[in-house]
Structures are given as C-alpha cells and as structure tokens.
Amino acid sequence: MDSRRHIAILGSTGSIGRQALDVVRQHRDLFEVELLTANNSDDLLIEQALEFNPGAVVICNEDKYRKVADALQPKDIKVFAGMDSVCSLVGADDIDIVLTALVGFSGLRPTIAAIKAGKIIALANKETLVAGGSVVMDLARKYRAPIIPVDSEHSAIFQCLLGAGENNFTRIHLTASGGPFRTWDKARMAEATRKEALKHPQWNMGAKITIDSATMMNKGFEMIEACWLFDTDPSRINIVVHPQSIIHSMVEFEDGAVIAQMGHPDMREPIQLALSFPERLSLDNRKLDFAALGTLTFEQPDPDRFPCLGIAAHAMKKGGNMPCVMNAANEAAVAAFLADKIRFYDIPDTISRCMDSIEFVGQPGLEDIFASNDEAFARAKEMCGL
C-alpha cells in the first residue's frame, strides 16, 4: 500500500509553489505530486512537470495550452486549461492534500472545490479567508475538510496552540517585519517607487504580496485570516513589528505566559509542516544559533504611515462583504501601482473610497462574495485609470 501523501499544488510556479516542490525533493519517499497548476508561466510549468511527473497539469491561460500539451505529450501527462479545470481536478480521488498557493481572489474557487471534496487544505492564499471567511469556514466544517495554515505567522500560531493543550489563549501577537519602509517618514514614503517598494528586507516573495508588505495591508489581511482560523475577535490580536523576522508569532495565555515559534525566514518550514502534519520531518535549512542572533527587537506599528492597518480593522469590524470589497480594491490598486499608474498612498486612498462606494451586504453568500469582488475590482480599476 502506498503510504505517500499525494499532493496538488495550485500555483506551483509561484514562490510558495516552488518552495513546496523543494520540500518534495527532500522527501520523495513521503510525497507524490499529482497535480500542478500555473497561470502564465508555461516554461516553468513544463520543467516542473517533467521533473515530478504528475498525473495532470493545468495552465490557466488557455492561449498557452497547446505549447504545454505538446511538450508533455511524450510523458503521458494529462494537460488541461482554465480555472474550471483546476476546480474539477482538485477533487480527484488520488489527491490527499491541496496546497493553495494562488495569488489573490483567484484562490477562492478552487479552495472551495477542494473543501467540498473533503481534502486537507494547506492554505497559503490568505485572500480566500479575507474575502470569504464565513462561507469558507462554514463549508470546511460541513465537509470536514481540515485547514492547515501555511503563512509563516499563522503556522506559528497554530504550532503555539498545539503546545497549549486545552488551555484558552487571551491574545495573539502577530509579528510583522515592517517591510521596506519601516524606518521611512511619511513624506518619503509618499514618493516611493515601485522598485523601492519591492525591496523586502527579509522575505523573497512575489510582487503583489511584497507591495502588500510595504503598505502593511498584508498584516491587515493576516489579522482577518487569524480571526477566522482561530475563531477569535480582532480585539484579541496585537500586531507588533519585529524587524529580524525570527519570531513568527506568539500566543499569550491567562497566566501571562507567552509561547513563541521561532526560525529563520524560510517558507519551506511552514509548507513542510502543513504537508507532513502531525509529523515533523528533517529539512535542509539554516538552524538558529541563539548566540549569533544577538538582539531581537519589537516596535508598535505606526497607523499614520501605514493606514492599511486601520482600513483592515474597520473592514473586519463592519463585517459582511466589506473585507471582500477591501481585498478586491487592494488587488486593483496594487496592480496599478506596479504599472506606475498611481502613487504609493493612492493605494489606501483607493481602497477607502471603494469601500465607501460599494453597497454593504451584512450576511453575504458565495454569490454575494463573487459579485462584491467583481464590482469593487472594476470600481477600483476605474479609479486608478487601469
């Protein structure tokens, strides 16, 4: 009997997907790749498929289907195109775990499809819970689909809670690197270029999430995600800037004790834990040398320089479709900034104006979530001149 875990990697050519495949390389006896998907990176998808020989691949850009299909035809790997194919294939019987590493709102549909198929979800797409948290968590309970967080912060919280037994936590301390503009004043930030915003001091990530780190919207997203994952209120989540990115998050308990999860910035650690849970496996990575670390420092985030933190808190407090609207407006605004269409502080301004202009839905269903996303994205694009 095959004891290996069979994995689908959605977004295999992105940063998380590539690192997940590195984890698989180190544990070929434990993991088998069954499905790889990419949006546009056809050459890398072909290279990955030739190395890992999955049962199927999907190239979401249908214009690139023929190139991928022709390249993989000699290997007898099934090739499909489009997001509908992704949503259909994640429910295959030979898949145990679905790693959702897609960027942005695009991760919601296939994640829901995998949940409805009862798969284990290794969740690296924070926008899924930001936009559709109540719907997603209700479905996960209904279909008994475990969600294991992959984001380093949420993996850290998850690990801290595992060590707490049945004891209830009082606060979650969600750490943030502070991004590339941690020490910049507001006037300098207002003139920041795309190139400057993409220089993250600690993590090597894709362009969209790196800009989200620069605005600290990613930390607002993570606060919302933590509320859903750990069934808590925003008032019990404290965001603290930790520039060294060694402590990935902390959990505080009723007696004042705080448990922290630590490690060098390396996304392979939380990826591997999500794929191997509850076992911990060896990993060829850099280990902590506490004497060499020297000093670990902490700061309060500045809501004036980073208004996206307050925007996210407001969206979560209002609830309904507002986090979805916020996420969609942010996706459009970040795309505009990366295209040099708007300036840095136009990102939070666009999000706020969009949230003020979209009709509030207090108890959104899945159709409401998709409608709110489409409307907010189109509205924000128009505001940004995209």
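Which residue follows α17, and is its phi positive or negative? The residue is G385, and its phi is positive, near 75 degrees. The model here is a predicted one, in which local features need pLDDT of at least 70 and side-chain atom pairs count only at pLDDT 80 or more, while totals for chains, interfaces and linings use all residues. Residues are numbered from 1 along each chain as its sequence is written, and side-chain values use heavy atoms, with hydrogens and water left out.

Back to the helix itself. α17 covers residues 366-384, 19 in number; helices are DSSP runs of H or I with at least four residues, strands are runs of E with at least two, and both are numbered from the N terminus. From first C-alpha to last, α17 reaches 27 Å, close to the 27 Å expected at 1.5 Å a residue (the expected span is 1.5 Å times one less than the number of residues). Its buried residues are I369, S372, N373, A376, A380 and C384, where buried means under 20% relative accessible area, exposed over 50%, and partly exposed in between, with a 1.4 Å probe and protein chains only. Seen down the axis, these buried residues fall within an arc of 105 degrees, so they line one face of α17; the arc is taken from the directions between the helix axis and the C-beta atoms. Among the elements covering that buried set are α5 (108-116), α6 (127-142), α15 (322-338) and α16 (346-357). On the other side of α17, E367 and E382 are exposed.

Now for some loops. D340, found between α15 and α16, has a positive phi near 60 degrees despite being a residue other than glycine. D340 is exposed, with a relative accessible area of 53%. D76 sits in the loop between α3 (65-72) and β4 (78-81); its phi is also positive, near 60 degrees, and at 68% relative accessibility D76 counts as exposed. In the loop between α12 and α13 (290-293) lies P278, joined to F277 by a cis peptide bond with omega at about 10 degrees.

How values were computed: Contact means heavy atoms within 4.5 Å.
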